[in-house]
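Please open the model in a viewer and keep the selection panel at hand. The tour proceeds by selections, each followed by an account of what is found there.

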Amino acid sequence: MSAPSSSVTPAHRAGFACFVGRPNAGKSTLTNALVGQKVAITSNRPQTTRHTVRGIVHRPDAQLILVDTPGLHKPRTLLGERLNDVVRTTWAEVDVIGFCLPADQKLGPGDRFIAKEIAGIKKTPKVAVVTKTDLVDGKQLAEQLIAVDQLAAELGFEWAEIIPVSAVKGDQVQLLTDLLAPLMPEGPALYPEGDLTDEPEQVMVAELIREAALEGVRDELPHSIAVVVEEMLPREDRPADKPLLDIHANVFIERPSQKGIIIGPKGKRLKEVGVKSRKHIEALLGTPVFLDLHVKVAKDWQRDPKQLRRLGF
C-alpha cells in the first residue's frame with residue numbers, strides 16, 4: 001500500500017535582501033516595483049539615495065525586507081565616505097545580496113570594484129539582477145547576461161541566480177520575488193501586515209521634497225541639497241472631517257549662489273517643488289497637507305562633520 005501523500009505547507013520565511021550596484025543602476029526603482037509603492041526616491045540623477053530605505057514585501061509564504069543602500073562609489077567628501085560605510089555595514093548583515101547591473105551599459109571598473117567587495121562576503125547568497133531590460137534588444141541582453149556570469153567566475157564565486165528585469169515595465173519583477181523568497185531563513189514575519197517601510201514618516205516626507213527639488217536643477221546641485229522637516233503638526237481648530245497637516249521644512253544648499261537656482265525667478269521653481277512634493281506627501285500620508293518650504297545655506301555641509309550630524313547623516 002502506498003503511503004498517504006502528506007500536504008505539508010512549506011515553512012514561512014522572512015529576511016533581509018539588499019540591492020547594491022553603482023549609482024543609477026536602478027536599485028530604488030526596483031525596490032519600489034517589488035513593494036508596489038513608492039518607498040525609495042528615484043531620480044535620473046545618480047547618487048540620490050542617502051538612507052537605507054527598507055521596503056517590505058508581504059507574501060503568504062514569505063516576507064522580504066528590502067534594504068536599498070546608497071550606490072558604492074569612490075568617495076570625494078566626508079559624506080561620500082559615510083555613505084560607503086553604510087553600504088558595507090548593510091552587506092554584512094543581510095541574508096541575500098542583489099547586485100544590480102544595468103542591461104544597457106557595459107560592465108565597467110565600478111561594477112568590478114563592487115563585485116570584488118561582495119566576493120569577499122563568502123556565506124551570503126548573491127543574485128545578479130540585470131536591470132533596465134526595456135532599453136536593450138535580445139542580443140544585447142544575452143551578451144550582458146554572459147558578461148555578468150563571467151564576472152563572478154573571474155572572481156571565484158557563483159551567482160545563486162541571474163535574472164533580467166525591467167522595473168519600469170514590471171517584467172520579471174514577480175519572478176525576482178519568487179527567486180528571493182526561498183533564499184530567506186525560515187521564520188515568522190518581522191513586520192506587521194500592511195507595513196511597507198520602516199522609515200519614519202518625517203524622513204520619507206523630507207525625501208519626497210528632496211526628490212522634487214532635484215528635478216530639473218543643473219548638474220552642480222544633486223549632492224548639495226539636503227532637506228530637514230522641522231515639524232509636522234495637525235492644524236488646530238479643524239473639523240474632524242477636514243483635517244490639515246502643517247509641514248515646515250528647510251531645503252539646505254551649500255552656497256548662497258545656489259539659492260537662486262532652487263528658488264527660481266520670482267520663486268517659481270520653489271513653488272513647483274512645493275506643489276509636486278505635496279501631491280506625493282498627501283498620497284503617502286492620506287491627509288491634506290499645508291507645506292511651508294524655506295531655502296537655507298549650510299556652508300559646505302558635505303565636508304563638515306557637525307553639519308552632517310545636524311542634517312541626519
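Select helix α1 (residues 27-35) together with helix α5 (residues 173-180): their axes come within 10 Å and cross at roughly 85°. This crossing makes α1 roughly perpendicular to α5, since angles of 65 to 115 degrees are counted in that class. To view the contact itself, display L30, A33 and L34 on α1, and V173, L176 and T177 on α5. The model being toured is a predicted one.

Next, select residues 256-263, which form helix α7, and residues 268-285, which form helix α8. Which residues make the contact between α7 and α8? On α7 they are I261, I262 and I263, and on α8 they are K268, R269 and L270. The axes of this pair lie 5 Å apart, and the packing angle is about 60°. The two helices, α7 and α8, are therefore oblique to each other.

Now move to helix α4, residues 138-154. With 17 residues at 1.5 Å each, α4 should span 24 Å, and a distance of 24 Å between its end C-alpha atoms agrees with that expectation.

Colour L141, Q144, V148, L151 and A152, the buried residues of α4. They occupy an arc of only 90° around the axis, and so lie on the same side of α4. In general, an α-helix has 3.6 residues a turn, so residues three or four places apart point the same way.

Then give a second colour to G138, K139, I146, A153 and E154: these are exposed, on the other side of α4.

What covers the buried residues of α4? Add the strands β4 (96-102), β5 (126-131) and β6 (161-164) to the selection, along with helix α3 (109-119); the cover includes these four elements. Just after α4, select G156, where phi is positive, at about 75°.

Finally, select the whole chain. How many helices and strands does the secondary structure contain? There are nine helices and nine strands. The chain has 313 residues, of which 48% count as buried. Its accessible surface comes to about 15,900 Å², and 53% of that surface belongs to carbon and sulfur atoms. Of the contacts between residues at least 6 apart in sequence, 71% join residues at least 24 apart.

Note on methods:
Residues are numbered from 1 along each chain as its sequence is written. This is a predicted model: local features need pLDDT of at least 70, side-chain atom pairs count only at pLDDT 80 or more; totals for chains, interfaces and linings use all residues. Side-chain values use heavy atoms; hydrogens and water are left out. Buried means under 20% relative accessible area, exposed over 50%, partly exposed in between (1.4 Å probe, protein chains only). Contact means heavy atoms within 4.5 Å. Accessible areas come from the Shrake-Rupley method with a 1.4 Å probe; for residues, only the protein chains shown count as cover. The expected span of a helix is 1.5 Å times one less than its number of residues. The arc is that of the directions from the helix axis to the C-beta atoms. Axes are lines fitted to C-alpha atoms, for helices over the stretch in contact, and angles run from 0 to 180 degrees between N-to-C directions. Angles under 35 degrees count as roughly parallel, over 145 as roughly antiparallel, 65 to 115 as roughly perpendicular and the rest as oblique.
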